[in-house]
Amino acid sequence: MTVHSKSAHNFLVCAGLLLAGTLIQAFGVCNIHAHAPVTEGGVIGLSLLLEHWTGLSPAVSSLFLNLACFLFGLRQLGKHFLVCTLLSFLGYSVFYALLEPWAPLLPCLISHPAVSALTGAVFVGIGAGLCVRAGGATTGDDALAMGIQHRFGVDVRWVYLCSDGLVLCLSMSYIPLHTILWSLLTVILSGQIIGWIQKIPVHEKRRS
């Protein structure tokens, strides 16, 4: 295999992982998180917190928070991160738009907080995990976690746990405790799943 064909093959593999990841993540957010009695950590949760206490619209705060995280990720990870992240953004937006008119497709997944917390974490964890594994980010949370892992060598599982946990703890100032607890379960599990996917070994074929 020539260098050019190998590069093309690697890009197709990354693109496949990114599209699969964004489809899985969009399905989970659109059909579970958007309808379930759980809240969010990370940039989404922080923007909602700022709206509650300052009146600042999430349309403004999330824009600047996500932009700051993506710039940090771009500085640490370079052009490959930029290309993969743009593909992730596009894929996630398209898949979400296609799924939204039909949501929720599986009402049984949002019938109980425990079920929605667990299933939502699985969809988001696997979807985001595939995207992060391929080198892209669909949210500022992913970009921040990837940048910190690259810069400081911290496992992404602990970055997600610390950032989401901090936001959820602050959100207790206006969100009921039972909602926070189910949300904490979701972010802990999804963060662990992302970390597990990152650690799956890759075995390259040897030349004969």
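User: Where in the chain is the place of P104?

Analyst: P104 sits in the loop between α4 and α5 (113-134). Helices here are DSSP runs of H or I with at least four residues, strands are runs of E with at least two, and numbering goes from the N terminus. Before we go on, this is a predicted model, where local features need pLDDT of at least 70 and side-chain atom pairs count only at pLDDT 80 or more, while totals for chains, interfaces and linings use all residues. Residues are numbered from 1 along each chain as its sequence is written, and side-chain values use heavy atoms, with hydrogens and water left out.

User: Which kind of peptide bond joins A103 and P104, cis or trans?

Analyst: As a general idea, most peptide bonds are trans. Here, A103 and P104 are joined by a cis peptide bond, with omega at about -5°.

User: Which other residues can I look at in that loop between α4 and α5?

Analyst: Try L105 and E100, which are both placed there. To read them, use relative accessible area: buried is under 20%, exposed is over 50%, and partly exposed is in between (1.4 Å probe, protein chains only). L105 comes out at 42%, so it counts as partly exposed. E100 has a value of 46%, so it is partly exposed too.

User: Which residues does L105 touch?

Analyst: A contact means heavy atoms within 4.5 Å. Leaving out residues up to four places away in sequence, L105 touches F27, N31 and L99. N31 turns up again with E100: they are 69 residues apart in sequence, yet their C-alpha atoms are 7.8 Å apart in space. For L105 and L184, 79 residues apart along the chain, the C-alpha separation is 24 Å.

User: Let's step back into helix α4. Is Y96 buried or exposed?

Analyst: Y96 lies in helix α4, and it has a relative accessible area of 19%, so it is buried. Its contacts beyond four places in sequence are A26, V29, C30 and A34. Take A26: it is 70 residues from Y96 along the chain, but the two C-alpha atoms are separated by 5.2 Å.

User: And how much relative accessibility does S93 have?

Analyst: S93 belongs to helix α4 (residues 79-99). Its relative accessibility is 44%, which means it counts as partly exposed. The C-alpha atoms of S93 and L23 are separated by 9.4 Å, with their positions 70 residues apart along the chain.

User: What does the side chain of S93 reach?

Analyst: The idea to use is the polar contact: a pair of N or O atoms within 3.5 Å; within protein, one must be able to donate a hydrogen and the other to accept it, and residues adjacent in sequence count only if both atoms are side-chain atoms. In this model, the S93 side chain reaches the backbone oxygen of F89 at 2.9 Å.

User: Which backbone oxygen lies 2.7 Å from a polar atom of the side chain of T119?

Analyst: That one belongs to V115. T119 lies in helix α5, and its contacts outside the nearby sequence (up to four places away) are I32 and L109.

User: Now for helix α8. Is S190 buried or exposed?

Analyst: S190 lies in helix α8 (residues 177-198). Its relative accessible area is 9%, so it is buried. A polar atom of the S190 side chain lies 3.2 Å from the backbone oxygen of V187. Not counting residues up to four places away, S190 touches A121 and G125.

User: Zooming out, how many helices and strands are in the chain?

Analyst: The chain has eight helices and zero strands. The radius of gyration is taken over C-alpha atoms, and the globule rule is 2.2 Å times the number of residues to the power 0.38. The chain's value is 17 Å, close to the 17 Å the rule gives for 208 residues, so the chain is as compact as a globular protein of that length. Along its principal axes, the C-alpha trace spans about 60 × 35 × 30 Å.

User: What percentage of the residues in the chain is buried?

Analyst: Buried residues make up 41% of the 208. As for contacts, look at those between residues at least 6 apart in sequence: 78% of them join residues at least 24 apart.
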